[in-house]
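Hi,

Here is the model I promised to pass on. Have a look, and my notes follow below.

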Amino acid sequence: DEQKIAFIFDKVKTTMKWNGVNWVGPGEADLADIWEKKIGNSAAVNLVLYNYLRATGVKCSLIYASTRDHGKVKDELPTLENFNTMVLQTTTTAGQTYILDASNKYNNYRNPPWSLLNCRGMNVIPDSTSSSMMDIVDKTPSREALFVSAEIKPDGKLTGTVHINSFGYHRMELLEQYDKLGE
């Protein structure tokens, strides 16, 4: 399951383009049109991912969520107005659970999207009448490792190299900066 999830997630996030709009439904167009044009809102991109995962036998559910910018969800009476995006949750046969958002090309399948971290969502299980509120959290630490090899010359000049290895959210942020600023 994990290899399927990783492959399909990467394929959808690199093939589809997010139009910058967070929404809970695909909008006016149907998914065939969205796949053909290769562009859509957050829900449309994630529904394409959902259909491909289900076609390969990976079980997943829909999560209607509210990004940090949109505000808190009213747990006592959640309505669609409380939510502004839709992502997926999948659990592998090994018991590993992932929250997937293919709308941002810098996201990876192992970490929930940064914009939803520590927010609430409503998990809707397809082919069922059940749903439940859930916290969107990530217990994986975001790490960064610095490797410095330096030498101070007799004339007082410092020479050397620095290698930075970033993991998790640090890596996603740096990839986005690299894309925008270039090498």
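Which residue just after helix 3 takes a positive phi? Gly57 does, with a phi of about 90°. Helices here are DSSP runs of H or I with at least four residues, strands are E runs of at least two, and both are numbered from the N terminus.

Before the rest, some ground rules. This is a predicted model, where local features need pLDDT of at least 70 and side-chain atom pairs count only at pLDDT 80 or more, while totals for chains, interfaces and linings use all residues. Numbering runs from 1 along each chain as its sequence is written, and side-chain values use heavy atoms, with hydrogens and water left out.

Back to helix 3. At its N-terminal end, Asn41 acts as the cap, with a side-chain oxygen 3.0 Å from the backbone nitrogen of Ala43. Of its 14 residues, 10 are buried (under 20% relative accessible area, 1.4 Å probe, protein chains only), so the helix is largely enclosed by the rest of the structure. Among them are Ser42, Asn46, Tyr50 and Leu53.

Now the largest nonpolar core (buried Ala, Val, Leu, Ile, Met, Phe, Trp, Tyr and Cys joined through side-chain atoms within 4.5 Å): it has 28 residues, and Val12, Leu49, Leu53 and Leu100 have the most contacts inside it. Helix 1 (2-15) and strand 4 (85-91) are among the elements that each supply at least two residues, but helix 3 gives the most, with eight. A second, separate core of seven residues includes Ile99 and Leu116.

Finally, Leu100: leaving aside neighbours within four places in sequence, its contacts (heavy atoms within 4.5 Å) include Phe9, Asn46, Val87 and Tyr109.

Cheers

Notes:
Buried < 20%, exposed > 50% of the residue type's maximum accessible area, 1.4 Å probe, protein only. Polar contact = N/O pair within 3.5 Å; in protein donor to acceptor, adjacent residues only side chain to side chain.
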